[in-house]
Amino acid sequence: MTTLSARRLAFLVAANTALAPLAIDAYLPAMPSLAASIGASVHHTELSLSVFLFGFALGQLICGPLSDRFGRKPVLMLGLGVFFIASLALTQVGSLATLWGWRFVQALGGGACVVNSAAIVRDRFSGREAAKVMSTMVMILMMAPLVAPAIGSALLNLADWWLIFLFLAVYAAFVLWLLGRYLPETHGRDPQAPSARQILGNYVSVLRHREAMGYIGAVSMSFAGMFAFITGSPYLYMEHYGLSTTLYPFVFGANILIMASSSRLNIRLLKTRTPQQNLLLGLGIQLTAGLLLVSMVATGLDSIFTVAPLMVVFVGMQGLISPNAMSSMLDHFPRMSATATALQGCLQFTCGAVSGALVGAFELASAWPTVLTMLGATLLGNIAVRVLAGRALKRRVVSDEMTS
């Protein structure tokens with residue numbers, strides 16, 4: 001196997017996983033233009049976000065077991081190829097149905113890509129090391145949604161919405177070349193891999209694993225809260241609070257900067273703390289921010305100056321929650337890490353799709369749909385990890401402290 005440093009591995013898997021936030025965020029500024037071009041309402045066009053997340057969830061569920069059986073790299077290359085073709089097709093869509101259809105196909109390819117990233121890390125590392133590499137990966141990865149809206153705006157001004165999808169196709173082609181050249185196979189073909197019936201049994205075994213489901217619940221609900229913000233922020237910031245379209249990418253980007261900072265902080269804290277301790281810290285801060293957001297709206301003290309900083313804190317805790325929850329969950333499934341990651345990703349993106357649909361379904365001229373969905377999501381995440389993984393989590397923390 002080719003020698004690959006932790007930093008280079010993190011860069012390669014982050015470049016691969018960046019397809020998802022780029023595909024989600026880059027075309028947000030073009031939503032009105034795209035809607036007008038295909039003759040659909042903006043609200044119906046926005047539903048292509050939820051369609052993408054459902055396809056992304058299904059892609060992970062299907063391709064995770066395939067990755068365990070045929071190896072990481074073949075499935076990864078296939079996913080990138082599907083993403084590339086769908087992105088090119090999206091430059092030519094002329095109706096709402098074709099937009100939804102090709103976004104779904106694009107998401108299936110993207111799901112095959114992202115499910116392999118965490119599995120590749122788990123193939124090479126475990127425990128604290130895995131959490132550190134995932135934190136580095138997340139920190140690099142967070143630059144994608146930071147620049148995506150700005151890229152989308154620039155491409156929209158340069159030509160039209162179709163250029164954004166062409167950019168996604170070019171990026172996919174670049175990643176295909178990059179991983180084909182520099183990423184070694186970390187798992188390999190396994191002829192003893194489980195059959196379809198056994199795969200279903202493996203999914204059931206993950207679902208029955210109480211502690212693992214606590215971690216999956218934490219990361220899924222945290223992601224749902226973040227996607228509620230992503231879905232609601234264009235209306236909330238620009239229409240409800242009057243933020244200009246020029247400033248919107250900068251205020252939106254502040255969330256990503258704090259997320260990257262919390263990922264960096266996580267790496268430092270892991271020198272003296274366990275991943276489980278950092279997970280609880282991130283969830284606690286996120287819940288506090290959610291409660292304060294609801295309090296601001298309830299008391300009429302909400303404005304761009306009070307809401308935006310709390311949104312930044314809420315979303316920024318992903319850097320403490322996601323890598324620690326994922327590494328803690330994967331420690332229980334060393335022989336089927338891609339399958340476990342696939343189920344986790346499926347549940348995570350399904351929760352994100354549902355939360356985004358909840359925010360957009362009511363079409364209320366208010367901040368309530370967004371902040372209540374965010375609070376509900378983080379509340380469920382905190383409950384999940386403490387109820388399902390509480391006792392085991394405490395034992396792991398105490399055991400780690402005694403051995404460190």
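**Entry 1: a surface patch**

I began at the surface, where Phe54, Val354, Leu358, Phe362 and Leu364 form a nonpolar patch with about 460 Å² of accessible area together. I note here that I am working with a predicted model throughout. I looked up Leu364 in particular, which is found in the loop between helix H16 (337–361) and H17, and which is partly exposed at a relative accessible area of 49%.

**Entry 2: the chain overall**

I then stepped back to the whole chain and counted its secondary structure, which comes to 18 helices and zero strands. Of the 404 residues in the protein chain, buried residues make up 57%. The accessible surface that I looked up comes to about 16,200 Å², and 67% of this surface belongs to carbon and sulfur atoms. I also checked how far along the sequence the contacts reach: among contacts with a separation of 6 or more, residues 24 or more positions apart account for 86%.

**Entry 3: Tyr235, back towards the patch**

I returned to Leu364 by way of Tyr235, which has its place in helix H11 and is partly exposed, with a relative accessible area of 26%. Leaving aside neighbours within four places in sequence, I find Tyr235 in contact with His240, Leu364, Ala365 and Ser366, and Leu364 is itself a member of the nonpolar patch. For Tyr235 and Ser366 I also noted the C-alpha to C-alpha distance, which is 9.3 Å for two residues that are 131 residues apart in sequence.

**Entry 4: Phe227 and Ser355**

Staying in helix H11, I looked up Phe227, which counts as buried at 1% relative accessibility. Which residues does Phe227 touch, not counting those up to four places away in sequence? I list Ile24, Leu49, Leu53, Gly352, Ser355 and Gly356. I also recorded that Phe227 and Phe349, although 122 residues apart in sequence, are 9.2 Å apart in space, C-alpha to C-alpha.

I followed the contact with Ser355 from the other side, and placed Ser355 in helix H16, where Ser355 is buried with a relative accessible area of 4%. Beyond its neighbours within four places in sequence, Ser355 is in contact with Ala224, Phe227, Ala228 and Thr373. Within its own helix I looked for a partner of the polar side chain, and found that the side chain of Ser355 reaches the backbone oxygen of Gly352 at 2.9 Å; Gly352 is also among the residues that Phe227 touches.

**Entry 5: Asn382**

Next I turned to helix H17, where Asn382 is found and counts as buried at 6% relative accessibility. Which backbone oxygens does the side chain of Asn382 reach? I find the backbone oxygen of Thr378 at 2.9 Å and the backbone oxygen of Leu283 at 3.2 Å. Leu283 appears again when I leave aside neighbours within four places in sequence, since Asn382 is then in contact with Leu283, Gly284 and Leu287.

**Entry 6: helices H14 and H15**

I checked the geometry of helix H14 (residues 304–316), which has 13 residues and reaches 17 Å from its first C-alpha to its last, close to the 18 Å expected at 1.5 Å a residue. The buried residues of H14 are Ile304, Val307, Ala308, Leu310, Met311, Val312, Phe314, Val315 and Gly316. I then asked what covers the buried residues of H14, and noted that the cover includes helix H11 (210–240), helix H12 (248–269), helix H13 (275–299), helix H15 (318–330) and helix H17 (368–388).

I looked at H15 next, which has 13 residues and reaches 18 Å from its first C-alpha to its last, close to the 18 Å expected. Why is H15 described as largely enclosed by the rest of the structure? I note that 13 of the 13 residues of H15 are buried, so the helix is largely enclosed.

**Entry 7: two positions in helix H12**

I closed with helix H12, one of the helices that cover H14. Gly253 is found there and is buried, with a relative accessible area of 2%; its C-alpha atom is separated by 9.1 Å from that of Val312, 59 residues apart along the chain, and Val312 is among the buried residues of H14. Ile256 is also found in helix H12 and is buried, with a relative accessible area of 5%. For Ile256 and Val147, which are 109 residues apart along the chain, I recorded a C-alpha separation of 9.4 Å.

Terms used. Residues are numbered from 1 along each chain as its sequence is written. This is a predicted model: local features need pLDDT of at least 70, side-chain atom pairs count only at pLDDT 80 or more; totals for chains, interfaces and linings use all residues. Side-chain values use heavy atoms; hydrogens and water are left out. Helices (H or I, at least four residues) and strands (E, at least two) are DSSP runs, numbered from the N terminus. The expected span of a helix is 1.5 Å times one less than its number of residues. Buried means under 20% relative accessible area, exposed over 50%, partly exposed in between (1.4 Å probe, protein chains only). Contact means heavy atoms within 4.5 Å. Patches are made of residues with over 30% relative accessible area and no salt bridge: like charges are joined within 9 Å, nonpolar side chains (Val, Leu, Ile, Met, Phe, Trp, Tyr) within 5 Å. Accessible areas come from the Shrake-Rupley method with a 1.4 Å probe; for residues, only the protein chains shown count as cover. A salt bridge is a side-chain nitrogen of Lys or Arg within 4 Å of a carboxyl oxygen of Asp or Glu. A polar contact is a pair of N or O atoms within 3.5 Å; within protein, one must be able to donate a hydrogen and the other to accept it, and residues adjacent in sequence count only if both atoms are side-chain atoms.
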